[in-house]
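Here is a quick tour of a model, taken a few residues at a time. Keep the viewer open and follow along.

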Amino acid sequence: MTASQLAVVRRELLVRQLDAWLPAALHRSRRATFAQVYSVADDATADAAVRTVAEFADRLRGRRLALPVLAPSTDALAQRLTEVQQELRTPPELSVHVAAGGADRLPAVLTAVSAAGAPVLAYVDAVDGPAPAEPVLSSVASGRPAELLLALGPRAGTLVDLRTVLPSAGFPMLTQVELVDREGACELVVFATSLGKSLEAFKDALWAVDEYAGVRYRDPRDPDGHLLDISLNPHPGPLRRELLAQLASAGPCSVTDLRRFALTETVYRAADTMRALAALLTAGQVTREPAQGRLAGDVVITAVPGRTRA
């Protein structure tokens, strides 16, 4: 039960990200690549991904979409994906390739499908294995633009400094969230991209997934480790604390800077910043300059000394 509930949330995150990524990728370029890598074959997720892509068949005319899939055991997976393609009558522009191997083979596979220089989205399920090495991440970053959705087990997430490795590999923007079930089991989901709009789209998808029994989110950077229910309007308490900590560390910040901080450094969306700031202003924990008017991007927020606990 534990693994299946966490896997269902990851699966829906992937499907929602595909819904956002694919139309933009096909509008931007005549070719694109969506790669999947599994440390343990996940037929259900690969099936759902192909079905999602097939929904955009009308947009594939005159374009090419490569779907390489890597997994340690491929016979059953290849058969299932072939059956899905036959059932949905996927167009020839959609090319699914299933091959045996792990993440270390991804650079060669991306080269084989000529992924570099065009939009690339890679989903790497490493929950049951080590985090991908930097050359693997760099190969994904050769896409223009490039996006990476990475799932890690709790131990792998602590062994790798992703906020150093991913920017070095070519992903300047990223966010991380832990999925935690009712029994305390957790996985780390990381989204990395070269586009701010893509990060915003992922955050929207993150909070829009259906709520599954017992699965909640946790911000890896929240020192108090608060668990958050999956909701379109997440509880702003942890964000208020993180904004206060940022103001205490960096000094006065503009609303624009704080919105970017929330987007890139927390599990929250940029838009959630406004609710959190309104609550902090009402509580007298921060001040604003100018003192009146709309809470626009150039308004400067300052923490009130001695009142830095939300």
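Where is the place of Asp125? It is in strand 4, and that is where we start.

## Ground rules

We are looking at a predicted model, in which local features need pLDDT of at least 70 and side-chain atom pairs count only at pLDDT 80 or more, while totals for chains, interfaces and linings use all residues. Residues are numbered from 1 along each chain as its sequence is written, and side-chain values use heavy atoms, with hydrogens and water left out.

Helices and strands are DSSP runs numbered from the N terminus: H or I with at least four residues for a helix, E with at least two for a strand.

## Asp125 in strand 4

Asp125 is buried, at 7% relative accessible area. (Buried means under 20% relative accessible area, exposed over 50%, and partly exposed in between, with a 1.4 Å probe and protein chains only.) Its side chain reaches the backbone nitrogen of Val127 at 3.1 Å. That pair is a polar contact: N or O atoms within 3.5 Å where, within protein, one must be able to donate a hydrogen and the other to accept it, and residues adjacent in sequence count only if both atoms are side-chain atoms.

Setting aside residues up to four places away in sequence, Asp125 touches Arg10, Val37, Tyr38, Ser39, Asp42 and Ala151. Contact here means heavy atoms within 4.5 Å.

## Pro72 and the company it keeps

Pro72 sits in the loop between strand 2 (64-71) and helix 3 (75-88). Beyond residues up to four places away in sequence, Pro72 touches Tyr38, Ser39, Val40, Ala41 and Gly101. Tyr38 and Ser39 may ring a bell: Asp125 touches them too.

Pro72 also makes a neat sequence-versus-space pair with Gly102: they are 30 residues apart in sequence, and 6.4 Å apart in space, C-alpha to C-alpha.

## After helix 3: Arg89 and Pro91

The loop between helix 3 and strand 3 (94-100) holds Arg89, and Pro91 lies there as well. Is Arg89 buried or exposed? Arg89 is exposed, with a relative accessible area of 73%, whereas Pro91 is buried at 16%. Arg89 also has a positive phi of about 55°, although it is not a glycine.

Leaving out residues up to four places away in sequence, Pro91 touches Ala57 and Leu60. For a longer hop, take Thr193: it is 102 residues from Pro91 along the chain, and their C-alpha atoms are separated by 28 Å.

## Backbone oddities elsewhere

Ser114 is another non-glycine residue with a positive phi, near 55°. You'll find Ser114 in the loop between helix 4 (106-112) and strand 4 (120-126), partly exposed with a relative accessible area of 42%.

Then there are the cis peptide bonds. One joins Arg144 and Pro145, with omega about -5°; Pro145 is in the loop between helix 5 (134-140) and strand 5 (146-152). Another runs from Glu289 to Pro290, with omega near 5°, and Pro290 lies in the loop between strand 11 (286-289) and strand 12 (300-303).

## Helix 9 against helix 11

Two packed helices are described by the angle between their axes and the distance between the axes. Helix 9 (residues 237-250) and helix 11 pack at about 75°, with axes 9 Å apart. Axes are lines fitted to C-alpha atoms, for helices over the stretch in contact, and angles run from 0 to 180 degrees between N-to-C directions. The two helices are therefore roughly perpendicular, on a scale where under 35 degrees is roughly parallel, over 145 roughly antiparallel, 65 to 115 roughly perpendicular and the rest oblique.

From helix 9 come Leu239, Arg240, Leu243 and Leu244, which meet Asp272, Thr273, Ala276, Leu277, Ala279 and Leu280 in helix 11.

Thr273, in helix 11 (residues 272-282), deserves a zoom. Thr273 is buried, with a relative accessible area of 0%. A polar atom of its side chain lies 2.8 Å from the backbone oxygen of Ala270. Neighbours within four places in sequence aside, Thr273 is in contact with Leu239, Leu243, Leu258, Arg259 and Ala262.

## Cysteines

Cys186 is buried at 17% relative accessible area, and Cys253 is buried at 9%. How many disulfides does the count come to? The count is zero, taking a disulfide as a pair of cysteine sulfur atoms within 2.5 Å.
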